[in-house]
Amino acid sequence: MKIIINMKAFFNSPSFRRGLGGGLLCLLLSSCGLYGKYERPDNLNTKGLIRDVVSDTDTLQSNADDNFGNLPWREVFTDPQLQSLIEKALENNTDLRNAALNVKMMETALKVSKLAFLPSIAIGPQGTISRVQMDGASTTKTYQLPISASWTIDLFGNLLSQKRSAQMKLLATKDYQVVVKTNIICGVANLYYTLMMLDEQLAIVTDMEGLTKETWDMMKLQMELGRARSTSVQSCEANYYSILTQKADIKRQIREMENSMSLLLNEAGHQIERGSFYNQSLPTKFSTGVGLQLLSNRADVHAAEMALAQCYYDTQTARSRFYPNITLTAAATFTNSLGTQIVNPGKWILSAVGALAQPIFAHGQIVAGLKVAKAQQEQALNTFQNTILKAGNEVSNALLLYNSCDEKSKLEAKRVDVLTQTVADTRQLYTSKGSTYLEVIQAQSSLLNARISKVTDDFTKMQAVVNLYQALGGGSK
């Protein structure tokens, strides 16, 4: 048996102990910073993220333990038909399925980065049969069964920082999956409320269709009695057709919204069963939480921070490339061919080698790589800060929209009551020649617009609730 061991003599040599060993110790001490973990920057601007909906200068200070965004989506959207649609969308939506597959791919990448700490092992058996074409020649058979192993010693954190970077990327991918889930929940809710709003507008226009048809018939009767001109009848007819045009347009919008909803459900376009617009029950009191709580609730904000952490570890990886790369390689071969001799049975040949490679000049690639990594880390920090501010802005806008539409809806309700009475009074005055037909048309048009505006404001208020829930990271629980 022939054994070749180079490592023992290498590490036991006096030159290694005095020179190279001391150098490695210095390198180890100087590389302690390569093992540091990511910490959230303390200079982030997170104060006053959410403006008060009344005061122009104050910011909202709510109970952070009672955050509206923490409610499960079934407690926010209580309509059974809407809940059924949301469940179907979460089960079938293509974007959510792809997000889940992305998570699986990142989990596989993380496993690969963890396995990098283990030795790599390879085996390559081979055999040879040779015969010389001469009288009395014999056949020579040789074989080899080589096994080799290589292990990179991660003294300077290169593999560790790559593993941590993969962990952060996995967390960011999971955050994206949550973002997709939240978008689907809120998207289905918005489309559902839009359909019901259009249904209500269609009912209003249908009522107005009957009213304008009745006015047109009355004007035709008045013309036959000589109390109205043909131009007045034509105006009534034109107003009636205008209402029919609005009705056709609303029906088209309903079909388009149903097709959009079907697409979210990953189904072909079809009719969507839904409830009544004014039978919906949505929360009316909200607590948002402020400051850093948004960082834990909003999946996209958390993903931005994970991207920053990933860049931090990528910078550590780039910095570790300035340090030596130490690799241990061992090989074992079972063979019957020992140079000029062929023996049977075969013998083992063993060898072990240690290699240390210190980069000195790499065409500036290592230095450039570190500069790029630092710049990318700074970009990620800027993106993280901006994402935080955008989150606060979205919450502020949703609260403002809700309060504004709530106030407008109450005023529109009073306006509708007044105009309803105005239409009745104007029609009665017209029949007694106390007003002109123009006043009747104007009163009817004003009532139609007021009723549609009332429905639109109520719908926008519903939409503001959905937007606030989404802005606070709702739907993740």
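This talk goes through the nonpolar cores, the long helix α6, the salt bridges and the aromatic pairs of one chain. The structure on the screen is a predicted model.

I will start with the cores. The largest nonpolar core has 58 residues. Within this core, the residues that touch the most other members are Phe 77, Leu 82, Val 188, Tyr 193 and Met 261. Which helices each supply at least two residues of this core? They are α3 (73-76), α4 (80-92), α5 (94-115), α6 (158-224), α7 (230-264), α10 (365-431) and α11 (437-471). The largest share, 18 residues, comes from α6.

Please look at Val 188. Leaving out neighbours within four places in sequence, Val 188 is in contact with Leu 82, Leu 85, Ile 86, Ala 89, Met 261 and Leu 264. There is also a second, separate core of 15 residues, and Ala 172, Val 301, Met 306 and Ile 388 are among them.

Now to α6 itself. This helix has 67 residues. From its first C-alpha to its last, α6 reaches 96 Å, which is close to the 99 Å expected at 1.5 Å a residue. Just after α6 comes Gly 226, with a positive phi of about 80°.

One residue in α6 to pick out is Arg 164. Is Arg 164 buried or exposed? Arg 164 is buried, at a relative accessible area of 13%, and the cut-off for buried is under 20%. Not counting residues up to four places away in sequence, Arg 164 touches Tyr 35, Gly 36, Lys 37 and Tyr 313. Tyr 313 also belongs to a cluster in which ring pairs link Tyr 38, Tyr 312 and Tyr 313.

Next, the salt bridges. How many salt bridges does a search of the whole structure find? The search finds 18. I will go through three of them.

Take Arg 274 and Glu 258. Their closest N and O atoms are 3.1 Å apart. Arg 274 sits in the loop between α7 and α8 (293-297), while Glu 258 is in helix α7, so this salt bridge ties together parts that are 16 residues apart in sequence. Both ends fall under the cut-off for buried: Arg 274 has a relative accessible area of 18%, and Glu 258 is at 6%. Asp 199 comes in here too, as salt bridges with shared partners join Asp 199, Glu 258 and Arg 274 into one network.

Then there is Arg 298 with Glu 394, where the N to O distance is 3.0 Å. Arg 298 lies in the loop between α8 and α9 (299-320) and Glu 394 in helix α10, so the parts tied together here are 96 residues apart in sequence. Arg 298 is buried, at 5%, whereas Glu 394 counts as partly exposed, at 35% relative accessibility.

The last of the three is Lys 408 with Asp 457, at 3.4 Å from N to O. This pair links helix α10, which holds Lys 408, with helix α11, which holds Asp 457, across 49 residues. Lys 408 is partly exposed at 40% relative accessibility, and Asp 457 is buried at 6%.

A word on cysteines. How many disulfides does the count come to? The count is zero. Cys 186 is buried, with a relative accessible area of 1%. Cys 236 is also buried, with a relative accessible area of 1%.

Finally, the aromatic rings. The whole structure has ten aromatic pairs. Two of the pairs involve Trp 216. With Tyr 240, the Trp 216 ring forms a tilted pair, 5.6 Å centre to centre and with 35° between the planes. This pair joins Trp 216 in helix α6 to Tyr 240 in helix α7, 24 residues apart, and both residues are buried.

Which way do the rings of Trp 216 and Tyr 241 meet, edge-to-face or stacked? Their planes are at 65° and the cut-off for edge-to-face is over 60, so the pair is edge-to-face, with the centres 6.1 Å apart. Tyr 241 is in helix α7 as well, 25 residues from Trp 216. Trp 216 is buried at 11% relative accessibility, but Tyr 241 counts as partly exposed at 40%.

To close, back to α6. This helix supplies the largest share of the largest core, and α6 also holds Arg 164 and Trp 216. That is the end of the tour.

Technical notes
Residues are numbered from 1 along each chain as its sequence is written. This is a predicted model: local features need pLDDT of at least 70, side-chain atom pairs count only at pLDDT 80 or more; totals for chains, interfaces and linings use all residues. Side-chain values use heavy atoms; hydrogens and water are left out. A nonpolar core is a set of buried Ala, Val, Leu, Ile, Met, Phe, Trp, Tyr and Cys residues joined through side-chain atoms within 4.5 Å. Buried means under 20% relative accessible area, exposed over 50%, partly exposed in between (1.4 Å probe, protein chains only). Helices (H or I, at least four residues) and strands (E, at least two) are DSSP runs, numbered from the N terminus. Contact means heavy atoms within 4.5 Å. The expected span of a helix is 1.5 Å times one less than its number of residues. A salt bridge is a side-chain nitrogen of Lys or Arg within 4 Å of a carboxyl oxygen of Asp or Glu. A disulfide is a pair of cysteine sulfur atoms within 2.5 Å. Rings of Phe, Tyr and Trp (its six-membered ring) pair if their centres lie within 6.5 Å; planes under 30 degrees apart count as stacked, over 60 as edge-to-face and the rest as tilted.
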